Amino acid sequence: MTWIQDYQPAGGLWVSALLAALPIIVLLVSLGVIRFSAHLSAALALVTALGVALLLYRMPAAPAFDSAAMGVVFGVWSVAWIAFHAVYFHNVTVATGRFDAIKRVLAGFSEDRRLQALLIAFGFGALLEGVAGGGSPIAITAAMMAALGFPPVKAVVLALLANTAPVAFGGLGNPLIVLGRLTAPIMHLKQDQATELFSAAVGRQVPVLALIIPAFLVVVLAGWKRMLEVWPAVLTAGLAFAAMQFVASNFISASLVDVLAALTAMAALWILTRFWQPAAVWRFDGEEAVPAKSLGAAQAERGALYAWMPYVILILAIFLSRIGTIFKNLPTWLDLTKLLHKADWIFAWPGLHNHVVQHPPITAKNAPYAATLTVDFLFSPGTIALIAAVIAGFAMGGRPKLLLTTYAKTLHQMRWALATIFMILAIAFVMNYSGATQTLGLALATTGAVFPLFSAYIGWLGVFLTGSDASTNSLFGPMQVISAQQLNLNPILAGATNTSGGVMGKMISPQNLSIGATAIGQSGKEGSLLRQTFLWSLLLTAVVGVISLLQATILTALIPSP
């Protein structure tokens, strides 16, 4: 038995679109107005999505609930498995004490507050985002800077502003992996191929922001004049990060982009300070400004490289697992990527696969909507992060009991976040298979030539709501791709812009504001943090939108193609 989607179930496109958006509206009101928890808000939105599918779209109950179940399973493997083990890796470095050594290295880098902000908020924050994602970069870097003497609220503002350029590739590239897997069937591409294309496209947008953010941070911290005094460090950090971000996203792997870019930026700053220091060490009001005594990098302890050993193991593990995508035509015995993929399990979801039929204008002609799931047991970044965490844990002196205890603590720590992930993905799948996403896509397609600019703010809204770029790609990624197809725009650009625009919503997301305030013992200061970041968030999203508009009209050659 098959069921044909109806894209205007309420009679008119915009009335249908308004009703189709009810799950998103419920999520928005629950999170932002009533201030329910994220998991409770997602549960209410899921119930709403099922109600809209059953009552408005007249979707049969069996495929409706099958789509929700498939979304949960997709969330377990494709999102939660990666996010959980990324956080677990970080927790292992903390449990073994290695993270304390990293903090000492960072604190000994320089006495200049501007250089400390560049290294900790921008560089180290990006590394944490690349490995763990979530709110960990904000919480950890804000607390570190506050402990070093930064005014607490200023420390959180800097952490929030810095946590922009790396977000698109956070959690081992999870936002782009999710986007690729959800939209590949819509674009008739393989999942890995879609992820690689989105990675390349985002890697041609956000490096522009990476060039801006370091200067932006120092201006917010100390003003334009003080920023110009350290322009070599600002330029070095931004250029090193942007260059590696472009290279890694286009030629290596989405899973390694932030890790490599962050380490490159921090190494470049370290090398720079071997030969250059600002004329005077800048401190906060009340702190004495003194001539630079010595090379900042020389103050770091000799065990700096040893302190970073866990991240070296992680990079090596991911690199080896992706070696077949980086170097083509390798001998079979050397192509670890192909060997890992042999454990993949691909299956069609019973009761849903090809049971839903799409039709024009979404497809050229009536066509069954596939519902297949790929479980890459060994190739998944989550599996690689788990393996790297175990190897690094033993290398750092951790015993099996410690690793197991840390695993249990991580599971407890993330229990509600994981539940939220499952329900967000269930909402996305119900909306996709009921036709609600397609209705929204057709409505947004009426925005015409300005859609690429509008597209950035859709991603921005999604991250503001959910606090996660992966979640906004789940909610809005398919809609953006469908909208672009209706406008004869490149769908890769639309998905990439959803991701890049979403990056700028991170600094004003209620979850991240709360995490930052809690990290410095300033709960209740979320309103103050929002006031200091909201305008910057809007302006930087506009920059993404303009970049996307230029790519859609003038710089079309910058959009990757299959």
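**Helices, strands and a few special spots**

Mentor: Welcome! In this predicted model, the axes of H9 and H10 come within 7 Å and cross at roughly 120 degrees.

Trainee: Thanks! How are H9 and H10 oriented to each other?

Mentor: Start from the crossing angle, which is roughly 120 degrees. Angles of 65 to 115 degrees count as roughly perpendicular, and those over 145 as roughly antiparallel. The crossing angle of this pair therefore makes H9 and H10 oblique.

Trainee: And which hand does the crossing of H9 and H10 have?

Mentor: Look at the place where the axes of the two helices come within 7 Å. There, the crossing of H9 and H10 is right-handed.

Trainee: How many charged residues are in the contact of H9 with H10?

Mentor: H9 brings Leu176, Ile177, Leu179, Gly180, Arg181, Thr183, Ala184 and Met187 to the contact, while H10 brings Gln191, Ala194, Thr195, Phe198, Ser199 and Val202. By class, eight of these residues are nonpolar and five are polar. The number of charged residues is one.

Trainee: Which residue in the loop between H9 and H10 has a positive phi?

Mentor: The loop joins H9 (170-187) to H10 (191-202). One of its residues, other than glycine, has phi near 60 degrees. That residue is His188.

Trainee: Let's move on to H3 and H21. Are they roughly parallel or roughly antiparallel?

Mentor: H3 spans residues 38-56 and H21 spans residues 415-434, and their axes come within 9 Å. The axes cross at roughly 20 degrees. Angles under 35 degrees count as roughly parallel. H3 and H21 are therefore roughly parallel.

Trainee: How many charged residues does the contact of H3 with H21 have?

Mentor: H3 passes H21 in a left-handed crossing. On the H3 side the contact includes Ala42, Leu46 and Ala49, and on the H21 side it includes Trp416, Met423 and Ile427. The residues of this contact divide into 14 nonpolar and three polar. As for charged residues, there are no such members.

Trainee: What about H1 and H22: how do they lie relative to each other?

Mentor: The axes of H1 (residues 13-20) and H22 (residues 436-444) come within 9 Å and cross at roughly 130 degrees. H1 passes H22 in a left-handed crossing. From the angle, the two helices are therefore oblique.

Trainee: Which residues of H22 does H1 meet?

Mentor: On the H1 side are Leu13, Trp14, Ser16, Ala17 and Ala20. The contact has eight nonpolar, two polar and no charged residues. The partners in H22 are Ala436, Thr439, Leu440, Leu442 and Ala443.

Trainee: Now the strands. Which are the edge strands of the open sheet?

Mentor: Three strands form this sheet in the order S1-S5-S6, with mixed pairing. An edge strand pairs on one side only. The edge strands are S1 (3-4) and S6 (367-369).

Trainee: Which residue of S6 stands opposite Gln358?

Mentor: S5 (residues 356-358) and S6 run antiparallel, joined by three bridges. Opposite Gln358, in S6, stands Ala367.

Trainee: Where is the cis peptide bond that involves Pro361?

Mentor: Pro361 lies in the loop between S5 and S6. The cis bond has omega near 10 degrees. It runs from Pro360 to Pro361.

Trainee: Last one: how many residues apart are Arg283 and Glu111?

Mentor: The structure holds five salt bridges. In one of them Arg283 pairs with Glu111, their closest N and O atoms being 3.1 Å apart. Arg283 sits in the loop between S2 (280-281) and S3 (290-291), and Glu111 in the loop between H5 (98-107) and H6 (113-131). This pair links distant parts of the chain, 172 residues apart.

Notes
Residues numbered from 1 in each chain as written. Predicted model: local features only at pLDDT ≥ 70, side-chain atom pairs only at ≥ 80, totals over all residues. Heavy atoms only, no water. Axes fitted to C-alpha atoms, helices over the stretch in contact; angles between N-to-C directions. Helix = DSSP H or I, 4+ residues; strand = E, 2+ residues; numbered from the N terminus. Left-handed = near helix turned anticlockwise from the far one by under 90°. Contact = heavy atoms within 4.5 Å. Nonpolar A, V, L, I, M, F, W, Y, C, P; charged D, E, K, R; others polar. Pairing = 2+ DSSP bridges. Salt bridge = Lys/Arg side-chain N within 4 Å of Asp/Glu carboxyl O.
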